[in-house]
Amino acid sequence: MSFAGRPFTTLAIAVLGCCAGLTLIGPASADVVPPQTAPPAAPRPDDDSSAKSRVIRVEARLSVGEELDLGTAGRSAGDQFVFGGDLTSTEGGEEHVVGSIGGFCVTTDLERNAGQCASTAVLPEGQITVQGRQAGIPVPGPVVNAVTGGTGAFRRAHGQVTQRVLTPATWQLTFGLLDVRPYPPEDGRGPDEAPRPVRPSLPDK
């Protein structure tokens, strides 16, 4: 579809363990036995030593953007905006495609022209899911939404994404991620690479 004249947008544990020491008082003595501390737990195969924070900056170049008039004719609660396209990066000085993005927004507040949005960014190391409210659709100012999960290197990641609308079909996305971990695929493929289907051979007629 053409984006000309149609501005739109969407989008963007610490487990505290404590071990109480045991204090013993003898019946005929006021001496206190020093607290005993538990030995450190053995590291897990996927422990925190490999986790790190990470910032990913990309631009979404949309090739799909459809506004769906659902329910009552005209602008109404429940209308949707569906989008999709490529993710590009200029890292290294030259722009290149590094992944893709797709998602949708559902209008929930007509007075503020706001709605709930959800999207998935697909990168070579895994997927990143994003969800949150946006006001001013289809052309809001910068908005920050939550990173709700992921796969591969982002399987435990959390954080937030900041979205800025540069043009109706170009968005700037900055992911601030915590708990990003290496992902070693067993078969040599990336976490989101599926085997390509093999076209069956047909007998000669």
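This is a walk through the barrel, its confidence, its aromatic cluster and some of its salt bridges.

Keep in mind that the model is predicted. Averaged along the chain, the pLDDT is 76, and 64% of the residues score at least 70. Two stretches call for caution. One is residues 41–45, where the pLDDT is below 50 and the model shows one contact beyond near neighbours in sequence. The other is residues 194–198, where pLDDT also stays under 50, again with one contact beyond four places in sequence. The picture is brighter in the strands: confidence is lowest in β1, at a mean of 93, and highest in β6, at 97.

Now to the fold itself. Eight strands make a closed barrel in the order β1-β2-β3-β4-β5-β6-β7-β8, and the pairing is antiparallel. On average, and with direction ignored, neighbouring strands of this sheet are turned by 30 degrees against each other. As a reminder, strands of a sheet pair through backbone hydrogen bonds, either parallel or antiparallel.

A good place to begin tracing is β1, residues 52–68. On one side, β1 runs antiparallel to β8, residues 170–180, and nine bridges join the two. Within that pairing, I56 has F175 in β8 as its bridge partner. β1 also pairs with β2, residues 80–89, over nine bridges in the antiparallel sense. Here you can look for G65, which stands opposite F83 in β2. Further along the barrel, β5 (residues 126–135) and β6 (residues 143–150) are joined by four bridges, likewise antiparallel, and V130 faces V147 of β6 across that pairing.

F83 deserves a second look, for it takes us to the aromatic side chains. How many aromatic pairs does a search of the whole structure find? There are two. In the pair of F81 and F83, the rings are stacked, at 5.8 Å centre to centre and with 20 degrees between the planes. Both of these phenylalanines, F81 and F83, are buried. The pair of F83 and W171 has its centres 5.0 Å apart and its planes at 65 degrees, so this pair is edge-to-face. It links distant parts of the chain, with F83 in strand β2 and W171 in strand β8, 88 residues apart. F83 and W171 are both buried. Taken together, F81, F83 and W171 form one aromatic cluster.

Charged side chains come next. The whole structure holds six salt bridges, among them one between R54 and E125, whose closest N and O atoms are 2.8 Å apart. R54 sits in strand β1 and E125 in the loop between β4 (114–123) and β5, so the pair ties together parts that are 71 residues apart in sequence. R54 counts as partly exposed at 26% relative accessibility, and E125 counts as partly exposed at 34%.

R61 gives us another salt bridge to follow, with E59 as its partner and 2.7 Å between the closest N and O atoms. E59 is partly exposed, with a relative accessible area of 21%, and R61 is partly exposed too, at 31% relative accessibility. R61 also meets E95 in a salt bridge of 2.9 Å, N to O. Since E95 lies in the loop between β2 and β3 (96–109) and R61 in strand β1, this pair ties together parts that are 34 residues apart in sequence. E95 counts as partly exposed, at 41% relative accessibility. Through shared partners, these salt bridges join E59, R61 and E95 into one network.

Notes
Residues are numbered from 1 along each chain as its sequence is written. This is a predicted model: local features need pLDDT of at least 70, side-chain atom pairs count only at pLDDT 80 or more; totals for chains, interfaces and linings use all residues. Side-chain values use heavy atoms; hydrogens and water are left out. Two strands pair if DSSP finds at least two bridges between them. Axes are lines fitted to C-alpha atoms, for helices over the stretch in contact, and angles run from 0 to 180 degrees between N-to-C directions. pLDDT is the predictor's confidence in each residue, from 0 to 100. Contact means heavy atoms within 4.5 Å. Rings of Phe, Tyr and Trp (its six-membered ring) pair if their centres lie within 6.5 Å; planes under 30 degrees apart count as stacked, over 60 as edge-to-face and the rest as tilted. Buried means under 20% relative accessible area, exposed over 50%, partly exposed in between (1.4 Å probe, protein chains only). A salt bridge is a side-chain nitrogen of Lys or Arg within 4 Å of a carboxyl oxygen of Asp or Glu.
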